[in-house]
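Hello,

As promised, here is the structure for you to look over. My notes on it follow below, so please open it alongside them.

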Amino acid sequence: SVLCRKLGAALCTVAAVLWLIAGLWITSAASSKGSIELVCKSDGSPVVGMEFNLYRVGEFTDDTIELQGNFKDYYIYVPELTSTALQDAASTLENFAVIDRITPDAYAMVYESGVVNFTGLEDGVYLISGNRLSSGNKLYTPVPILIEVKDGEAVTAYAKITVRQKPTVSEQMYRVKKVWQYDDAYIQLRPTSIDVEIYRNNVLMETIVLDEGNDWTYDWSADTEGVWRVKEINIHNDYKVVYRNNETQFIIVNTRWVNYLPTTTT
């Protein structure tokens, strides 16, 4: 289908330090219910013990994602179905799913085969989100991906995983930065500050304020063992958001999607 071709083109290498995207193709004839087979290997070996959650997030339209169900109220910026936009959407949806404790539609763990299966799936777009795995002296972090199931197809995807050595220090620096996009003509309507929650292993650690006074940036030093996430709260209605991160640096991008100037009366 046209959409599968779009996804195939989109699922390419994108900023390897930050994220990689799984290859995707159809592997069997359609049936009444769809399925996703996820192959999870690193250097040819199964990443045993890695856990994955599956969420149905909505449907693709011609040029964006229509979020549905538990995700319908999130204002995520998806301007088009490009590789960058799809990866931004996957990372942002994962961030909300984890922090807001959204119940997944399915769960699976990788065993010796290196393959996990999600079956009995309705048509739609699914987010596959995995948990970081510590093994030996390495950390394995799966990249969240979006996969479409259509017409009861069976879909196979190869997960891509970032692998890095465990830090040799007990603490390191973290940074969150706010970026405004496409609102230069409406700066007078931009919020003067935003509140951001900082989480360690899904536990709220602190809430900080970003504004012009701190250059919309906050740094902190903390342990290297935890998985850190950030979440902007009370996002202005005229903006949509995406989150980008590489485990120690977090960027919150707010994009203005309603362009107007306030009406003046005489």
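Among contacts in the chain with a separation of 6 or more, 69% are made by residues 24 or more positions apart. Please keep in mind that this is a predicted model. The secondary structure comes to two helices and 21 strands. Of the 266 residues in the chain, 47% are buried. About 13300 Å² of the chain is exposed, and carbon and sulfur atoms supply 48% of that area.

Next, strand β12. This strand covers residues 145-149, and five of its five residues are buried, so β12 is largely enclosed by the rest of the structure. I145, I147 and V149 point one way from the strand, while L146 and E148 point the other way. Residues on both sides are buried, E148 included. The partner to look at is strand β9 (residues 124-130), which runs antiparallel to β12 and is joined to it by five bridges. If you want a place to start in that pairing, Y126 stands opposite I147.

Following the chain on from β12, you come to D151, in the loop between β12 and β13 (154-158). Most residues other than glycine have a negative phi. D151 is not a glycine, yet has a positive phi of about 55°. E247 also has a positive phi, of about 80°, and is not a glycine either. You will find E247 in the loop between β20 (239-245) and β21 (249-256).

Another loop residue I spent some time on is T224, between β18 (217-223) and β19 (228-233). Is T224 buried or exposed? Its relative accessible area is 5%, which is under the 20% cut-off, so T224 counts as buried. What does T224 touch, not counting residues up to four places away in sequence? The list is R132, P167, V169, S170, E171, Q172 and Y174. For V169 there is a further detail: its backbone oxygen lies 3.2 Å from a polar atom of the T224 side chain.

E66 makes a useful contrast to look at beside T224. This residue is found in strand β6 (residues 65-67). E66 has a relative accessible area of 41%, which falls between 20% and 50%, so E66 is classed as partly exposed. Leaving aside neighbours within four places in sequence, E66 is in contact with V57, G58, E59 and T61. The side chains of E66 and Q68 are joined by a polar contact of 3.4 Å. There is also a link in space to look at with G124: E66 and G124 are 58 residues apart along the chain, and their C-alpha atoms are separated by 9.9 Å.

Last, the pockets. The largest pocket holds about 790 Å³ of space. Its lining has 44 residues, and those closest to the centre are E94, G130, T141, V227 and R229. Which helix gives the most to the lining of this pocket? That is helix α2 (residues 83-99), with six residues.

Happy to go through any of this with you once you have had a look.

Best wishes

Methods: Residues are numbered from 1 along each chain as its sequence is written. This is a predicted model: local features need pLDDT of at least 70, side-chain atom pairs count only at pLDDT 80 or more; totals for chains, interfaces and linings use all residues. Side-chain values use heavy atoms; hydrogens and water are left out. Helices (H or I, at least four residues) and strands (E, at least two) are DSSP runs, numbered from the N terminus. Buried means under 20% relative accessible area, exposed over 50%, partly exposed in between (1.4 Å probe, protein chains only). A polar contact is a pair of N or O atoms within 3.5 Å; within protein, one must be able to donate a hydrogen and the other to accept it, and residues adjacent in sequence count only if both atoms are side-chain atoms. Contact means heavy atoms within 4.5 Å. Two strands pair if DSSP finds at least two bridges between them. Accessible areas come from the Shrake-Rupley method with a 1.4 Å probe; for residues, only the protein chains shown count as cover. On a 1 Å grid over the protein atoms alone, a cavity is a set of points where a 1.4 Å probe fits but cannot get out, and a pocket is an open set with protein on both sides within 12 Å along at least five of seven lines; lining residues have an atom within 4 Å of a point. Grid points are joined across faces, edges and corners, and a volume is the space filled by probe spheres set on the points.
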